[in-house]
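Student: I have this model open and would like to look closely at just one part of it. Could you pick a strand and walk me through its surroundings?

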Amino acid sequence: KNLFVHGMSKIVTFCLIVFLIAVWAFQMADNPTDWPEYNGDGARSHYSPLTQINKANVGQLKIAWSYASGGADTLQNRTQMQCNPIIIDGVLYGVSANTQAFAVEAATGKPRWKTDFADNGGTTSRGVTYWSEGPDKRIFFGAGKWLYALDANTGQLIENFGDNGRIDLKIGIERPGADNYVVSNTPNTIYKNLLITGTRVAESETALLGDIRAYDTRTGKLVWTFHTIPQKGEPGYETWSPENPRQRFGAANAWMGMAIDRERGILYAPTGSAGPDFYGANRAGDNLFANTL
């Protein structure tokens with residue numbers, strides 16, 4: 001009996017060690033040296049656990065390499081890069097001043113690829129979004145009214161996504177009297193196989209609707225829509241006056257990005273004002289879900 005208990009104890013101990021090694025390996029798979037999302041992680045915490053650079057040595061930093069992404073043009077007001085680059089497995093992905101996505105080796109600055117889209121709206125961009133499933137690794141990138149899906153290794157369009165590799169973000173948010181201005185200039189939010197998208201629209205009375213939408217990361221098909229200005233019968237509709245606010249007003253959009261709690265499956269979306277944003281006397285009420293979280 002004692003030999004049996006002793007043998008079982010060894011087996012349990014061995015299994016526990018194997019389990020702990022497996023847990024450690026799983027945790028290490030999510031590379032802590034990466035910066036995999038806009039502002040660091042789904043919580044947008046701006047935090048990295050890296051400790052090599054600290055208060056004692058930050059003053060000794062020197063330039064290790066530089067990369068000229070190109071595109072600056074004062075005549076077209078392309079004078080700045082607003083992107084928060086991401087780093088995945090040693091590759092840095094960013095956006096140039098003229099709204100072209102690029103990839104470089106993070107350790108050396110050696111270029112890997114760069115897009116050359118003519119139809120990009122000429123807007124600034126805060127970065128890109130990364131998604132992977134097995135060998136399928138994608139970069140999602142907003143430029144003008146288009147949301148592109150790129151092969152993360154090559155920068156080539158994923159042609160079976162959306163309409164030959166891109167989605168027209170204006171489709172589905174039209175309303176009477178609206179203009180054509182819509183841009184996805186803040187990186188989108190990933191939840192499982194969903195690409196959750198907010199947009200920047202005009203701030204005037206001609207603004208398009210500011211709906212939040214989720215697209216399938218593999219196909220580009222629309223999965224769900226949240227109406228930030230509700231339809232009749234939806235929660236919040238009674239907070240608008242006059243009736244049919246989606247016919248009268250636009251915006252109430254989540255243009256600045258969203259956070260995600262993936263364990264609970266909760267999306268946190270801050271929204272701006274309905275249009276026009278400096279005058280609200282013509283839309284009485286609390287106006288859900290504008291100006292809210």
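Tutor: Happily! We will take one strand, then its partners, and then look further afield. Keep in mind that this is a predicted model.

Let's start with strand 2, which covers residues 91-95. Is this strand mostly covered or open? It is mostly covered, as 5 of its 5 residues are buried. Now look at where the side chains go. V91, Y93 and V95 point one way, while L92 and G94 point the other way. This fits a general pattern: in a regular strand, side chains alternate between the two faces of the sheet. In strand 2, the residues pointing either way are all buried.

Next, the partners. On one side of our story is strand 1, which runs antiparallel to strand 2 and is joined to it by 3 bridges. Try finding I86: the residue opposite it in strand 2 is Y93. Strand 1 and strand 2 make a hairpin with 2 residues between them. In that turn, D89 has a positive phi of about 50°.

Then comes strand 3, residues 101-105, also antiparallel to strand 2 and joined to it by 5 bridges. Which residue of strand 3 is the bridge partner of G94? That is F102. Strand 2 and strand 3 form a hairpin too, with 5 residues between the strands. Here T99 takes a positive phi near 60°.

Now for the cores. The largest nonpolar core has 25 residues, and F140, F161, I167, L169, V182, V201 and I229 touch the most other members. A second, separate core has 19 residues, including I86, I88, A103 and L150. You have met I86 already, as the residue opposite Y93.

For a contrast, compare two loop residues. I53 sits in the loop between helix 1 (2-29) and strand 1 (86-88). Is I53 buried or exposed? Its relative accessible area is 52%, so I53 is exposed. Together with V58 and L61, I53 forms a nonpolar patch on the surface, with about 280 Å² of accessible area.

G198 lies in the loop between strand 11 (194-197) and strand 12 (200-201). Its relative accessibility is 10%, so G198 counts as buried. Leaving aside neighbours within four places in sequence, G198 is in contact with S184, N188, A254 and M258. So a place in a loop does not settle the matter by itself: I53 is exposed, whereas G198 is buried.

Conventions. Residues numbered from 1 in each chain as written. Predicted model: local features only at pLDDT ≥ 70, side-chain atom pairs only at ≥ 80, totals over all residues. Heavy atoms only, no water. Core = buried A, V, L, I, M, F, W, Y, C linked by side-chain atoms within 4.5 Å. Buried < 20%, exposed > 50% of the residue type's maximum accessible area, 1.4 Å probe, protein only. Patch = residues over 30% accessible without salt bridge, like charges linked within 9 Å, V, L, I, M, F, W, Y side chains within 5 Å. Areas by Shrake-Rupley, 256 points an atom, 1.4 Å probe, with all protein chains shown as cover. Salt bridge = Lys/Arg side-chain N within 4 Å of Asp/Glu carboxyl O. Helix = DSSP H or I, 4+ residues; strand = E, 2+ residues; numbered from the N terminus. Contact = heavy atoms within 4.5 Å. Pairing = 2+ DSSP bridges.
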